[in-house]
Amino acid sequence: MSDQSSTGAGWNFEYSYTELPELLYTKQMPTPVSSPKLLLFNEKLATSLGLDVGELTSTEGINTLSGNACPPGAQPLAQAYAGHQFGNFTMLGDGRAILLGEQMTPNGKLYDIQLKGSGKTPYSRGGDGRAALGPMLREYLISEAMHGLGVDTNRSLGVVSTGEFVYRETPLPGAVLTRVAKSHLRFGTFEYVFRWGTEDDLKALAEYAINRHYPQIKKESHPYLSLLNEVIKVHAKQIAKWQLVGFVHGVMNTDNMTISGETIDYGPCAFMNTYDPATVFSSIDVQGRYAYGNQPYMGAWNLSRFAESLLPLLSEDKEEAVSRAQEAISNFSKEYHREWYSGMRAKLGLFDEEDEDKTLIDRLLGMMEKSESDFTNTFLDLTFGQSNETKKIERFSEWESLWNSRLKRQNEDSSATFELMKRSNPAVIPRNHQVEEALEAAVTEGDMGKIEKLLLVLEDPYAHKGEQKAFNSPPDTSAPPYQTYCGT
Ligand code: AMP
Ligand code: MG
């Protein structure tokens, strides 16, 4: 490792994490790679972080993004955490990721800059610490698409191919992804300290989380209970957003659930085409634990694991602590339903609320499920008064006349309704077959054109530009069911 001679790239690192108890991290340099090549770079994101595009895309900059060189004064580290994976508690940690530093942006915000696929760490557990190119390009594409869709998510700054192979079932080209996140604190970070740290360690972690993400609750009478309540609220909002755009996360283990509420870990995730609550894409989720329709329930389950790890801080009296945690968790379902129905009303162009709205919404979804309608395209039909998808729905006109009379009962005129529907129903989502086609071209032919085009089309899915229409077709019905694989 050599230090970069200039700070011209704009790196402005802090290391607040190293003020936490030492059991939470290990200092660890990335492992250099043989011939780094920059394949994707997010100029807008770089600029918003206070980074210089020219410097970062130069040989020296690419050396930083591949882990071959560190900016002066950098003290990279790997974070320790645990987590419930498919229900089972396990010790984990950054096995193939390294926190390069926390970037203080020109407007005073702090973001983790993390290299993923950057070599072994003490938490690698027999893994090689590396990542394959296809999955890193996929993570870049999906995380940026999620951002465009309005979901609070970690972002992707760049993907560098390493010039080395990683060995999975077959040799695959390797890559390093630079990930940008409000932090990488996970439910699993708390579970880890609850299991192996002291109560003081737990307090230090909770204080850190409050300072970094929820400073407004510092002065409240029960700040740790408020922390739990805030995390419950952001997760209710996040999962409702997933449901509203048809996103299936696929690996909702507690190590992949963030304290900040950002969506993270784009391994086996995918977007639903046909509306079906049982939709699962991940090859390892054989029981459908993380199926589309189960996501809110799994969210509550995960939040319960987080609440358990906070129990020693909620009250000195154990029973009191449990009852406080239970009361907080019981609010998740209310919060989630509030978020979901409010999002669904917006998708239907409704500004206000009537008791009957739930029946109207549930009835539409029931009909969509029965007629196997495409989720995204059905709402586009409603927005633009088309019937490409809705014509497949039996007795759709009965539902439509109820909806039309409901629209007439609100004060807003039809143009306001149209605008609300346009900003609530995406013109385009990352369709799995198109994502795969773009990745295939990039990995096997080195052709980045299709990914770049997809990124452009997905940047603002609520713009409803003509060129987005071409990306709207669901896969051919004769195509085999789409499956995703993790651990890649
Ligand atoms: P994930 O399924 O991506 O959430 O990863 C679960 C755990 O496995 C995390 O602790 C990762 O750091 C670790 N892991 C995944 N792939 C590798 C790898 N190739 N080498 C080392 N650790 C890995
Ligand atoms: Mg993970």
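**Exercise 1. Locate Glu 372 and describe its backbone and its exposure.**

Step 1: Glu 372 sits in the loop between helix H10 (357–370) and helix H11 (375–384); helices here are DSSP runs (H or I, at least four residues) and strands are E runs of at least two, numbered from the N terminus. The model is predicted: local features need pLDDT of at least 70, and side-chain atom pairs count only at pLDDT 80 or more, while totals for chains, interfaces and linings use all residues. Residues are numbered from 1 along each chain as its sequence is written, ligands are numbered from 1 in the order in which they are written, and side-chain values use heavy atoms, leaving out hydrogens and water.

Step 2: Now the backbone. Glu 372 has a positive phi of about 55°, although it is not a glycine. Most residues other than glycine have a negative phi.

Step 3: Glu 372 counts as exposed because its relative accessibility is 56% (buried is under 20% relative accessible area, exposed over 50%, partly exposed in between; 1.4 Å probe, protein chains only).

**Exercise 2. Do the same for Phe 86.**

Step 1: Look in the loop between strand S7 (82–85) and strand S8 (88–91), where Phe 86 is found.

Step 2: Phe 86 is not a glycine, yet its phi is positive, about 45°.

Step 3: With a relative accessible area of 26%, Phe 86 is partly exposed.

**Exercise 3. Work out which residues surround ligand 1, and which domains they come from.**

Step 1: The shell around ligand 1 has 17 residues, each with a heavy atom within 4 Å of the ligand. The closest are Gly 93, Gly 95, Asp 128, Gly 129 and Asp 265.

Step 2: Next, check the polar contacts (pairs of N or O atoms within 3.5 Å). A backbone N or O atom of Gly 95 is 2.8 Å from a ligand 1 oxygen. Asp 128 places a polar side-chain atom 2.9 Å from a nitrogen of ligand 1, and a side-chain N or O atom of Asp 265 lies 2.8 Å from an oxygen of ligand 1. The protein covers 84% of the 490 Å² of accessible area that ligand 1 has on its own (Shrake-Rupley method, 1.4 Å probe).

Step 3: Domain 1 (4–184) and domain 2 (185–427 + 472–488) both contribute residues to this shell, so ligand 1 lies between them. The domain bounds come from an automatic or database domain assignment.

**Exercise 4. Describe the whole fold.**

Step 1: Count the elements: the protein has 15 helices and 15 strands.

Step 2: Along its principal axes, the C-alpha trace spans about 70 × 60 × 45 Å.

Step 3: Of the 488 residues, 56% count as buried.

Definitions and conventions: A polar contact is a pair of N or O atoms within 3.5 Å; within protein, one must be able to donate a hydrogen and the other to accept it, and residues adjacent in sequence count only if both atoms are side-chain atoms.
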